[in-house]
Amino acid sequence: MIAALKELIAALREELQHYGEMLARLDEQQDLVMRREADPLLQCVAAIQQQGVAIQTARATREERQMAVARELGLKETEFAQMIPRLPEEYRPLLEALVQENNELLLRIQRRARQNHLLLTQSVELMHRFITSLFPTVETKVYNPGGQVFQRTTPSISLYEAVG
């Protein structure tokens, strides 16, 4: 039981580390958007995607170890709320703290990802307005069933016709 519990603690710490790295990458992305640095931003997006894969792997490992501890406790459910009260008393504060830190960091990541999404969406919208001011069309926005703007192909206008 203690060996499985120590493996769970290690998995929680690893997951926490990956969440911290993701938050740092999202902070970097936000900074790059604010400074309008396109090339580093593309590299940052790739790093965020890689970190997402690392988080999924760490989460899967933690879930496996969490199930192993639950089995050793004779529990059918693997929720921490059910497990922690049944653990040896000296391990409870550590597990509670790790679970709480993971949850708090995950919430911060979700907030930062939403903020970044809004910033990027606004940036794209501003660029779209700029382009349409240079090359005006009589196009109205049409939305597809998924709620996204339907991309219609418009006949290309030569630069000479657009300017002239």
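A residue is called buried when its relative accessible area is under 20%, exposed when that value is over 50%, and partly exposed in between. By this scale Asp27, with a relative accessible area of 33%, is partly exposed. The structure discussed here is a predicted model, and the scale recurs throughout the account that follows.

The protein chain contains five helices and zero strands, giving the pattern α-α-α-α-α when read along the sequence. Of its 164 residues, 26% count as buried. The chain exposes about 11,600 Å², of which carbon and sulfur atoms supply 55%. Among contacts between residues at least 6 apart in sequence, 64% join residues at least 24 apart.

Helix α1 is a suitable starting point. Its 34 residues should span 50 Å at 1.5 Å a residue, and the end C-alpha atoms are indeed 50 Å apart, so the expected and modelled spans agree. After α1 comes Arg36, a residue of the loop between α1 and α2. The phi of Arg36 is positive, near 60 degrees, although the residue is not glycine. Arg36 counts as exposed because its relative accessibility is 73%.

In soluble globular proteins, nonpolar side chains tend to be buried together. Here the largest nonpolar core has 30 residues, and those with the most contacts inside it are Leu8, Leu12, Val69, Phe80, Met83, Leu87 and Leu95. The elements that contribute two or more residues to this core are α1 (2-35), α2 (38-73), α3 (80-83) and α4. Helix α1 provides the largest share, twelve residues. Leu87 illustrates how distant parts of the sequence meet: leaving aside neighbours within four places in sequence, Leu87 is in contact with Met1, Leu5, Val69, Leu73, Arg92 and Leu95.

Charged side chains supply further links. Side chains of opposite charge can pair when their charged atoms come close. The whole structure holds six salt bridges. In one of them, Glu15 pairs with Arg59, with the closest N and O atoms 3.8 Å apart. Because Glu15 belongs to helix α1 and Arg59 to helix α2, this pair ties together parts that are 44 residues apart in sequence. The two partners differ in their surroundings: Glu15 is buried, with a relative accessible area of 2%, whereas Arg59 is partly exposed at 28%.

Another salt bridge joins Arg112 to Asp27, the partly exposed residue introduced at the outset. The closest N and O atoms of this pair are 1.9 Å apart. Since Arg112 lies in helix α4 and Asp27 in helix α1, the bridge connects parts that are 85 residues apart in sequence.

A further pair lies within a single helix. The side chains of Arg129 and Glu125 meet in a salt bridge, at 3.8 Å from N to O. These residues are four apart in helix α4, and therefore about one helical turn separates them. Glu125 is partly exposed, with a relative accessible area of 26%. Elsewhere, salt bridges that share partners join Glu15, Arg59 and Arg62 into one network.

The surface also carries nonpolar side chains. Met127, Phe130, Ile131, Leu134 and Phe135 form a nonpolar patch there, with about 470 Å² of accessible area together. Leu134, one of these residues, is found in helix α4, which covers residues 92-134. The relative accessible area of Leu134 is 43%, so this residue is partly exposed.

How values were computed: Residues numbered from 1 in each chain as written. Predicted model: local features only at pLDDT ≥ 70, side-chain atom pairs only at ≥ 80, totals over all residues. Heavy atoms only, no water. Patch = residues over 30% accessible without salt bridge, like charges linked within 9 Å, V, L, I, M, F, W, Y side chains within 5 Å. Areas by Shrake-Rupley, 256 points an atom, 1.4 Å probe, with all protein chains shown as cover. Salt bridge = Lys/Arg side-chain N within 4 Å of Asp/Glu carboxyl O. Buried < 20%, exposed > 50% of the residue type's maximum accessible area, 1.4 Å probe, protein only. Core = buried A, V, L, I, M, F, W, Y, C linked by side-chain atoms within 4.5 Å. Contact = heavy atoms within 4.5 Å. Expected span 1.5 Å × (residues − 1).
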